[in-house]
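Here are a few friendly notes to read alongside the structure. Take them one at a time, and keep the 3D view open as you go.

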Amino acid sequence: MNMIKVIRILLLASIIILFQNCNEDDISSNSKAELVTVGDNDYRPDFHFTPQKKWMNDPNGMVYYAGEYHLFYQYNPNESVWGPMHWGHAISKDLVNWEELPIALYPDNLGNIFSGSIVVDNNNTSGFKSGSESPLVAVFTHQNPENNKQTQSLAYSNDKGRTWTKYENNPVLVNNDKADFRDPKVSWHEGTQKWVMVLAVGDEIMFYTSSNLKNWVYKNSFGKNVGAHGGVWECPDLFKIKDANGQETWALLVSINPGGPNGGSGTQYFLGDFDGETFTSSQAETLWLDYGTDNYAGVTWSNEPNNRNLFMGWMSNWSYAQNVPTYSYRSAMTFPRTLHWEKNNGKSIIVSKLPTEMIYAIGGKVVENNNAGSRFELLNDETLGEGKFYLETTIDFSVINEAKIEWGNKSSSVVIKYNKIKGELILNRAESGYKFNNLNSNILKCPYVLPDSNQFKINMLVDKSSMEIFLNDGERVITALVFPLAPFKNLEITANEEIQFIEQIKINKLSK
């Protein structure tokens, strides 16, 4: 037996001994075993869309037509990192179960296919209709990889989105002096009977109008002296939004990278008025749609059948998206949310709500306690360990100043802590397993002042590698990726005092 064989045998024996002496609660973020404890499928979510393979980022062209929700997305079919952009395509009837379809749009002589939107051209204003179906018209950004010049182009489908033809006279909107000129979101403006395009240009939004989707006229710009400007503006969306009484205002979403509320990517919004050409807002402060680090470039569905502002974002952050510990595929989308206008403490805000009827349909009750008392503890629970559950709890802060929820195992965890005196919620994932880059030391902060009732309600959707946390029916939202290195089977809710403060708690197991 030669020396090389001896070394191999000794190495194999050492690995076997290591595994025999290491159980899941011994595995921490600093363990030598961290690279061999999990694989892609341990992190691939069950209820959030992911591509079967390779790279995905921004959602594009989200449209409802003929009983199907269409999701297109920025896609690199060749590698699990960002590259020449295509439009991937998936459809769903229920927003939970997705069918991945063939790639819809490929790069061509005008460049790569960057972000954009799709409208249903019911009145055939474009002239693209050739059969019985209304044409679906995609408006997207062409990006020339040689000089990064960005122009807007069209493609259309007459077979419910299955096949696409690019317009022969592309591009339909060009620029000569803007480095960033992209991500068109198009909608029909009833008052002026015209199509409106909102376009991200540097760190402002430009508005264009058209009667036929082919010829566009510049009207106005917004954003130079308002909002956050820590990075380039991207992926705008403009829509009407209602309050509980049916009163309407206008909302403008703008993603920004970097410059988010906790570093890296984030999405801000503006509330105001729009007359078909000009958007105005008296908003003085920067408002964020999500205080987590993992909800970016999100927009709402076009032609939504229930007239909801139904939203979905890319569940990642450009600070680490290409390095997360999945390799056959990268990235997921957030769970769909509905957006609503609310006047809170004299301020207008957008609240985000989970369509809970969808969650209850895929869930089974595990725990329900309407008088949980001074502490809640669930240990070594298999449902928690599978990482697919929905948590609802209400905490009474009239008797305490601080409480925390900790989900983890003996050596690592993710901690949610709220301090009433500081008016701040903290999500700490610094010791949750996989080491993200040092983005704010992975301590995410969210300012929030309790209502007079001192009620603090948390709804939390967990799907293997993600946490979506909604405070008091969506007044604040925190979306964060978490990659445990071993199952998190323990959940504890505690406070700074041993006094009854947990009003209710319910945990639903999620399964298809």
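1. Let's begin with strand E21 (residues 337–344), which pairs with E22 in the antiparallel sense through seven bridges. If you would like a spot to look at, find Leu339: its position is opposite Ser352 in E22. Please keep in mind that this is a predicted model.

2. Now step back to the sheet around that pair. Its four strands form an open sheet in the order E18-E19-E21-E22, and the pairing is antiparallel. Which strands sit at the edges? They are strand E18 (296–300) and strand E22 (347–353), each of which pairs on one side only. From one strand to the next, the twist averages 40°.

3. Next, have a look at strand E9 (residues 181–189). Seven of its nine residues are buried, so the strand is mostly covered. E9 runs antiparallel to strand E10 (residues 194–201), and seven bridges join the two. One pair to pick out is His189 with its bridge partner in E10, Lys194.

4. The link between those two strands deserves a glance too. E9 and E10 make a hairpin with four residues between the strands, and there Gln193 takes a positive phi near 55°.

5. How many residues of strand E31 (residues 466–471) are buried? Six of the six are, so E31 is largely enclosed by the rest of the structure. For this count, "buried" means under 20% relative accessible area. Try colouring the two faces of the strand: Ser466, Glu468 and Phe470 point one way, while Met467, Ile469 and Leu471 point the other way, and all are buried.

6. E31 has a partner in strand E30 (residues 455–463), with antiparallel pairing over five bridges. Here Asn459 stands opposite Phe470 of E31. The hairpin formed by E30 and E31 has two residues between the strands, and Lys464 in the turn shows a positive phi of about 65°.

7. E31 also pairs with strand E32 (residues 476–481), again in the antiparallel sense, over six bridges. Met467 is found opposite Ala480 in E32. The hairpin of E31 and E32 has four residues between its strands, and Asn472 takes a positive phi near 45° in this hairpin.

8. To finish, a small exercise with the turns. Find Gln193 in the hairpin of E9 and E10, then Lys464 in the turn between E30 and E31, and then Asn472 in the hairpin of E31 and E32. What sign does phi have at Lys464? It is positive there.

Conventions
Residues are numbered from 1 along each chain as its sequence is written. This is a predicted model: local features need pLDDT of at least 70, side-chain atom pairs count only at pLDDT 80 or more; totals for chains, interfaces and linings use all residues. Side-chain values use heavy atoms; hydrogens and water are left out. Buried means under 20% relative accessible area, exposed over 50%, partly exposed in between (1.4 Å probe, protein chains only). Two strands pair if DSSP finds at least two bridges between them. Axes are lines fitted to C-alpha atoms, for helices over the stretch in contact, and angles run from 0 to 180 degrees between N-to-C directions.
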